[in-house]
Amino acid sequence: MDKEIALVLSGGGARGMAHIGVIEELEERGYKIRSVSGTSMGALVGGIYAAGKLKEFKEWAVSLDRHDMFRMVDFSFGGNGLIKGEKVLSKIREFVPDEQIEKLPIDYAATAVDLKHREEVVFTSGSLFDAIRASISIPTVFTPVEKNEQILVDGGVMNNLPISNVFRRNKDMLVAVHVNAAIPIPLQFVQKEDVVEKESAYRKWMNEFYDFLHIHHPKEKKERLGFLSLMEQSLSTGMLKQVDYSIEKGKPDVLINISRDACGTYDFYKAKELIEMGRYAAILELDKVKYNA
């Protein structure tokens, strides 16, 4: 099979690591990815793939544990976001050199949003890293990118599954990967109770730490959402409705869904498991394509 693919990758924080498993499964089956459009983590994974460095990125990602991730967080006290993001991007630059988007071997588009002018911004030329940095700037978490009188943040604010921005060719197949789907986690990926308890304790600690940094969110004795959880749920509510519209309008030939309950937005240390979850989801949908063919 030598079918050309136009690939669309959604945002979703750590769940976006599942995109790697999807891409690997597509290539294993002989599909040729000719263009990729992404938002947030979709823009990051898609950009690294377009630059031909996905293998190196995967090897680094699966080697990380919780402590490694925490050490890479560079806190910002300027008021525009908790994290600058420069440590993460600096690490990525060690094995993914910056390139001009227009010189990449496949067509690439990264989606961000300009808060100042309240409009979507699509990067199809210029610095690959500038595009990725803008697209992953989750409001109040990562500091925004200020450039050319624009204030750029995560594209998921307006278009978390950017089907509208992917470059299409005649008779190509449109594949969209949605990592925030309202579906259950496949049974083989459901964690045991003792693991869940550990993960819950870790997430609670992270929320309390971020709340400490945001001292204007005083602690209360009653149980409540932590700062990270509150922001995640607030942003995802609008995103999910917009994604439903994007799918309905864009009509992808193949829609690969990953459960939004697969992990927390910041659980990047689960990369290995998430990659396999993406592969599993891709197998389910691509087998249907083979059968129908």
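Where does Ser-10 lie: in which loop, and between which two elements? Ser-10 sits in the loop that runs between β1 (4-9) and α1 (18-28). The model is predicted.

**Ser-10 and its surroundings**

Ser-10 is buried, because its relative accessible area is 0% and the cut-off for buried is under 20%. Residues up to four places away in sequence are left out of its contact list. What remains includes His-19, Thr-39, Met-41 and Gly-42. Ser-10 also touches Asn-160 and Leu-161. Val-177, His-178, Val-179 and Asn-180 are on the list as well.

**Overall build**

The protein has 9 helices and 10 strands. Of its 293 residues, 51% count as buried. Take the contacts with a separation of 6 or more: residues 24 or more positions apart account for 76% of them. The exposed surface comes to about 14,900 Å². Carbon and sulfur atoms supply 53% of that area.

**Nonpolar cores**

In soluble globular proteins, nonpolar side chains tend to be buried together. Here the largest nonpolar core holds 62 residues. Within that core, Leu-7, Phe-57, Ile-92, Tyr-108 and Phe-123 touch the most other members. A second core of 9 residues is separate from it, with Val-8, Leu-161, Val-166 and Ile-247 among its members. Leu-161 of this second core is also one of the residues that Ser-10 touches.

**Salt bridges**

Side chains of opposite charge can pair when their charged atoms come close. The structure holds 11 salt bridges. Three of them are set out below, with N to O distances.

| Pair | N to O distance | Separation in sequence |
|---|---|---|
| Arg-279 and Glu-24 | 2.7 Å | 255 residues |
| Arg-29 and Asp-287 | 2.7 Å | 258 residues |
| Asp-130 and Lys-147 | 3.7 Å | 17 residues |

Start with Arg-279 and Glu-24, whose side chains meet in a salt bridge. Arg-279 belongs to helix α9 (residues 271-292) and Glu-24 to helix α1, so the pair ties together parts 255 residues apart in sequence. Arg-279 is buried, at a relative accessible area of 19%. Glu-24 is partly exposed, at 24%. Both residues belong to a network of salt bridges that also links Lys-58 and Glu-276.

Next come Arg-29 and Asp-287, which also form a salt bridge. The pair links distant parts of the chain: Arg-29 is in the loop between α1 and β2 (32-39), and Asp-287 is in helix α9. Arg-29 counts as partly exposed, with 22% relative accessibility. Asp-287 is partly exposed too, with a relative accessible area of 38%.

The third pair is Asp-130 and Lys-147. Asp-130 lies in helix α6 (residues 128-135) and Lys-147 in strand β7 (residues 145-147), so this bridge ties together parts 17 residues apart in sequence. Asp-130 is partly exposed, at 36% relative accessibility. Lys-147 is partly exposed as well, with a relative accessible area of 32%.

**Val-145 in strand β7**

Strand β7 also contains Val-145. Is Val-145 buried or exposed? Val-145 is buried, because its relative accessible area of 17% falls under the 20% cut-off. Its C-alpha is 5.7 Å from that of Ala-134, and the two residues are 11 apart in sequence. Neighbours within four places aside, Val-145 is in contact with Arg-133, Ala-134 and Ser-137, among others. Gln-150, Ile-151 and Leu-152 are also in contact with Val-145.

Methods:
Residues are numbered from 1 along each chain as its sequence is written. This is a predicted model: local features need pLDDT of at least 70, side-chain atom pairs count only at pLDDT 80 or more; totals for chains, interfaces and linings use all residues. Side-chain values use heavy atoms; hydrogens and water are left out. Helices (H or I, at least four residues) and strands (E, at least two) are DSSP runs, numbered from the N terminus. Buried means under 20% relative accessible area, exposed over 50%, partly exposed in between (1.4 Å probe, protein chains only). Contact means heavy atoms within 4.5 Å. A nonpolar core is a set of buried Ala, Val, Leu, Ile, Met, Phe, Trp, Tyr and Cys residues joined through side-chain atoms within 4.5 Å. A salt bridge is a side-chain nitrogen of Lys or Arg within 4 Å of a carboxyl oxygen of Asp or Glu. Accessible areas come from the Shrake-Rupley method with a 1.4 Å probe; for residues, only the protein chains shown count as cover.
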